[in-house]
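Hi,

Here is the structure I promised to pass on, with my notes on what turned up in it. I hope they help you find your way around.

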Amino acid sequence: MGQLPRGVRQALDIAKREPAYRYVQAERARQGARQQVSRAFKQVDFLLAPTLPVLPPRKSDETVETAKGSIPVLQAHISYTCLFDQTGHPAVSLPIHRNDQGLGASVQIVAPLDEDKAAVDLAVALEEARGPLQG
């Protein structure tokens, strides 16, 4: 494990301390979430959601303010995207707006399982329709 990055080694060390039943519980929860997200696609072709709960923070920021209070920057970065990381649904992030200070907002396009090309095709179409970002 000496050649792995420090963060990966730390994660593996933590995982080694967890009992097997916790892995089984987590896998069941992941499968349940996957099924719930997949059910949404019986009613819609794609899901569109923001990628962040806030405008992009500065590199020096350790926390950001949300409607629910202060949260760590890492939590803000993954809070809207981690569900699809876990379920395996393809997702594409697309910049959609830039304010006067040059800070951008983006949307994630989520597609049904194994529909990666459809997600990318929609992102391309939306990007063409949006035109160049100003700012």
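Let me start with one threonine. Leaving aside its neighbours within four places in sequence, Thr 51 is in contact with His 77, Tyr 80, Thr 81, Ser 93, Ser 106, Val 107 and Gln 108. Please keep in mind that this is a predicted model. Thr 51 sits in the loop that runs between strand S1 (47-50) and S2. Is Thr 51 buried or exposed? Its relative accessibility is 7%, and because the cut-off for buried is under 20%, Thr 51 counts as buried. One of its contact partners, Ser 106, also meets it through a polar contact: the side chains of Thr 51 and Ser 106 are joined at 2.4 Å.

Now for the wider picture. The secondary structure comes to five helices and five strands. Read from the N terminus, the order of elements is α-α-β-β-β-α-α-β-β-α. The C-alpha trace spans about 50 × 40 × 35 Å along its principal axes. For the radius of gyration, the protein has 18 Å, whereas a compact globule of 135 residues would have a value near 14 Å. Buried residues make up 20% of the 135 residues. The protein exposes about 9,800 Å², and carbon and sulfur atoms supply 55% of that area. As for how the chain meets itself, take the contacts between residues at least 6 apart in sequence: 56% of them join residues at least 24 apart.

The strand that follows the Thr 51 loop is worth a look too. S2 covers residues 63-66, and its two faces differ in cover: Val 64 and Thr 66 lie on the covered face, Thr 63 and Glu 65 on the uncovered one. S2 pairs with strand S3 (residues 69-72) in the antiparallel sense, over four bridges. How many residues lie between S2 and S3 in the hairpin they form? There are two residues between them. Within this pairing, Glu 65 stands opposite Ser 70 in S3, and Glu 65 is one of the residues on the uncovered face of S2.

Last, the charged pairs. Side chains of opposite charge can pair when their charged atoms come close. The count here comes to six salt bridges, and these are three that I looked at:

- Arg 30 and Glu 27: the closest N and O atoms are 2.7 Å apart. These two residues are three apart in helix H2 (residues 20-40), so about one helical turn separates them. Glu 27 counts as partly exposed, at 24% relative accessibility.
- Arg 58 and Asp 61: this salt bridge has its closest N and O atoms 3.1 Å apart. Arg 58 is exposed, with a relative accessible area of 60%.
- Arg 130 and Glu 127: their side chains meet in a salt bridge at 3.9 Å, N to O. Because they are three residues apart in helix H5 (residues 116-130), Arg 130 and Glu 127 are separated by about one helical turn. Both ends are partly exposed, Arg 130 with a relative accessible area of 28% and Glu 127 with 39%.

If you open the model, you could begin at Thr 51 and its polar contact with Ser 106, then go on to the hairpin of S2 and S3.

Best wishes

Key
Residues are numbered from 1 along each chain as its sequence is written. This is a predicted model: local features need pLDDT of at least 70, side-chain atom pairs count only at pLDDT 80 or more; totals for chains, interfaces and linings use all residues. Side-chain values use heavy atoms; hydrogens and water are left out. Buried means under 20% relative accessible area, exposed over 50%, partly exposed in between (1.4 Å probe, protein chains only). Two strands pair if DSSP finds at least two bridges between them. A polar contact is a pair of N or O atoms within 3.5 Å; within protein, one must be able to donate a hydrogen and the other to accept it, and residues adjacent in sequence count only if both atoms are side-chain atoms. Contact means heavy atoms within 4.5 Å. The radius of gyration is taken over C-alpha atoms; the globule rule is 2.2 Å times the number of residues to the power 0.38. Accessible areas come from the Shrake-Rupley method with a 1.4 Å probe; for residues, only the protein chains shown count as cover. A salt bridge is a side-chain nitrogen of Lys or Arg within 4 Å of a carboxyl oxygen of Asp or Glu.
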